[in-house]
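Q: Could we go through this structure together, beginning with the overall picture and then turning to individual residues?

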Amino acid sequence: MSAVEMQAALESLRRRLEAEGSIKLAMGISVHSGEVFAGTVGSPRQPKYAAVGHTVNTASRLEELNRKLGTSIVMSGETIALLRGRVEVRSRGWFSLRGRSHPLEVFELMAVRLRA
């Protein structure tokens, strides 16, 4: 839901900026599910909250596909399985992603269902 809300907010801002003749904005979002290490990292003087791990890396690689596919929100099969019918998606194919040993099926988010 957050990804959809982020895109809606950007669309509103984009319309306003285009009416003013300003720059054009676009944003690609990816959603992947799995285990991560999340917590405060860095020195005590400059702490930073971060999430790291294979899941985060895969999400980053998925996000890069948005430009290539002309999509705005893509999801992995792992995420689709967790959502159990709460979203409408379209398969965009299988992709080999840097850092993964096996291709990953990528889905484009088409709609969010209010009820599963």
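A: The exchange below moves from the whole chain to its helices and then to single residues.

Q: What kind of model is this, and how are residues numbered?
A: This is a predicted model, in which local features need pLDDT of at least 70 and side-chain atom pairs count only at pLDDT 80 or more, while totals for chains, interfaces and linings use all residues. Residues are numbered from 1 along each chain as its sequence is written, and side-chain values use heavy atoms, with hydrogens and water left out.

Q: How many helices and strands are there in the protein chain?
A: The protein chain has three helices and six strands. Helices (H or I, at least four residues) and strands (E, at least two) are DSSP runs, numbered from the N terminus. In order from the N terminus, the elements run α-β-β-β-α-β-α-β-β.

Q: What box do the C-alpha atoms fill?
A: Taken along the principal axes, the box is roughly 45 × 40 × 30 Å.

Q: And what share of the residues is buried?
A: Of the 116 residues in the protein chain, 28% are buried. Buried means under 20% relative accessible area, exposed means over 50%, and partly exposed lies in between (1.4 Å probe, protein chains only).

Q: What about the contacts in the protein chain with a separation of 6 or more?
A: Residues 24 or more positions apart account for 52% of those contacts. A contact means heavy atoms within 4.5 Å.

Q: Changing topic: how many positive and negative side chains are there?
A: The protein chain has 17 positive and 11 negative side chains, and the centres of the two sets lie 2 Å apart. Lys and Arg count as positive and Asp and Glu as negative, whereas His and the chain ends are not counted. Each charge is placed at NZ of Lys, CZ of Arg, CG of Asp or CD of Glu.

Q: Now the helices. What does H1 span?
A: Helix H1 covers residues 2-19, 18 residues in total, and reaches 26 Å from its first C-alpha to its last, close to the 26 Å expected at 1.5 Å a residue. The expected span is 1.5 Å times one less than the number of residues.

Q: Which residues of H1 are buried?
A: They are Ala3, Gln7, Leu10, Arg14 and Leu17. Seen down the axis of H1, these buried residues fall within an arc of 90°, so they line one face of the helix. The arc is that of the directions from the helix axis to the C-beta atoms.

Q: Why would such a spacing point one way?
A: An α-helix has 3.6 residues a turn, so residues three or four places apart point the same way.

Q: What do the two sides of H1 meet or carry?
A: The buried residues of H1 pack against strand S1 (29-31) and strand S4 (73-76). The face turned away from the buried side carries the exposed residues Glu5, Arg15, Arg16 and Ala19.

Q: And H2, what does that pack against?
A: The buried residues of H2 pack against S1, S4, S5 and strand S6 (104-112). Among those buried residues are Thr55, Thr58, Ala59 and Leu62. H2 itself (residues 54-69) has 16 residues and reaches 23 Å from its first C-alpha to its last, close to the 22 Å expected at 1.5 Å a residue.

Q: What follows each of these two helices?
A: H1 is followed by glycine 21, with a positive phi near 80°. Just after H2, glycine 70 takes a positive phi of about 70°.

Q: Which residue has a positive phi although it is not a glycine?
A: Arginine 84 does, at about 40°. Most residues other than glycine have a negative phi. Arginine 84 is found in the loop between helix H3 (77-83) and strand S5 (87-95), and this arginine is exposed, with a relative accessible area of 66%.

Q: Is histidine 32 buried or exposed?
A: Histidine 32 is buried, with a relative accessible area of 13%, and is found in the loop between S1 and S2. Its contacts, not counting residues up to four places away in sequence, include Thr55, Thr58, Ala59 and Leu62, which are buried residues of H2. Ser76 is also touched; histidine 32 and serine 76 are 44 residues apart in sequence and 5.3 Å apart in space, C-alpha to C-alpha.
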